[in-house]
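Biologist: Could you take a close look at one part of this model for me? I'd like to hear how a single helix sits against the rest, and what goes on in the strands that come after.

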Amino acid sequence: MKKITVIIAMAALLTGCAHEKEIQGKWKVIEIGNKKTPESILKTPTIQFDIEKMEYHAVTGVNLLNGKIITDSNNIKFSDGAMTQMAADSISMDFEIHFISSLSSVSSFRFSSDTLILLDNSHIEAIKLITR
């Protein structure tokens, strides 16, 4: 019986790590709150995950944002992080505000085909990303 318990515990542990490692790398933001990323945005918005260091690096459409993440299986939490302070056109700035607000509400993630979907506390899709 102990062997079965240990095997089940190891399988659960390995499954959790697999989810976390799947987000490793750079992702392009394609939607925030069911609104597509504007084509006229200043810089292509991205999030890069470094699971080994538990960090994220984002391009918000205008500025750069760097911080820490906490992950557990498919749960994820973003720290506020440090951000550059550049200004841009109103479309890019509005997108950035929405991006940062959505990022702070994220609590978990899931995949749909090749799309990474970050979900808020109510499990509503906050941010959609594709591999870059």
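**Helix H2 and the strands after it**

Modeller: Let's start with Ser-92: at a relative accessible area of 0%, Ser-92 counts as buried, because the cut-off for that is under 20%. Bear in mind that this is a predicted model. Ser-92 lies in helix H2. Setting aside neighbours within four places in sequence, Ser-92 is in contact with Ser-40, Ile-41, Leu-42, Gly-61 and Val-62.

Now the helix itself. H2 covers residues 90-105, and at 1.5 Å a residue its 16 residues should span 22 Å; the end C-alpha atoms are 23 Å apart, so the two agree. Just ahead of that, at the start of H2, a side-chain oxygen of Asp-89 comes to within 3.2 Å of the backbone nitrogen of Ile-91.

Which residues of H2 are buried? Ser-92 has company here: Phe-95, Glu-96, Phe-99, Ser-102 and Leu-103 are buried too. These buried residues take up an arc of only 135 degrees around the axis, so they sit on the same side of H2. That fits the general rule: an α-helix has 3.6 residues a turn, so residues three or four places apart point the same way. On the face turned away from the buried side you find the exposed residues Ser-90, Asp-94 and Ile-97.

On to the strands. E8 (residues 106-112) runs antiparallel to E9, joined by six bridges, and Arg-110 has Ile-117 of E9 as its bridge partner. Two residues separate E8 and E9 in their hairpin, where Ser-113 takes a positive phi near 60 degrees. E9 also pairs with E10 (residues 125-131), again antiparallel, over five bridges. That hairpin has four residues between the strands, and His-123 takes a positive phi near 65 degrees there.

E9 (residues 115-120) is mostly covered, with six of its six residues buried. Thr-115, Ile-117 and Leu-119 are on one side, while Leu-116, Leu-118 and Asp-120 are on the other. In a regular strand, side chains alternate between the two faces of the sheet.

Here's where helix and strands meet. Leu-118 stands opposite Ile-127 in E10, and both are among the residues with the most contacts inside the largest nonpolar core, as are Ile-47 and Phe-49. That core has 24 residues. Neighbours within four places aside, Ile-127 is in contact with residues including Phe-99, Ser-102 and Leu-103, which are on the list of buried residues in H2. Ile-127 also touches Leu-116, Ile-117 and Leu-118, which belong to the buried residues of E9.

Key: Residues numbered from 1 in each chain as written. Predicted model: local features only at pLDDT ≥ 70, side-chain atom pairs only at ≥ 80, totals over all residues. Heavy atoms only, no water. Core = buried A, V, L, I, M, F, W, Y, C linked by side-chain atoms within 4.5 Å. Buried < 20%, exposed > 50% of the residue type's maximum accessible area, 1.4 Å probe, protein only. Contact = heavy atoms within 4.5 Å. Expected span 1.5 Å × (residues − 1). Arc of directions from axis to C-beta. Polar contact = N/O pair within 3.5 Å; in protein donor to acceptor, adjacent residues only side chain to side chain. Pairing = 2+ DSSP bridges.
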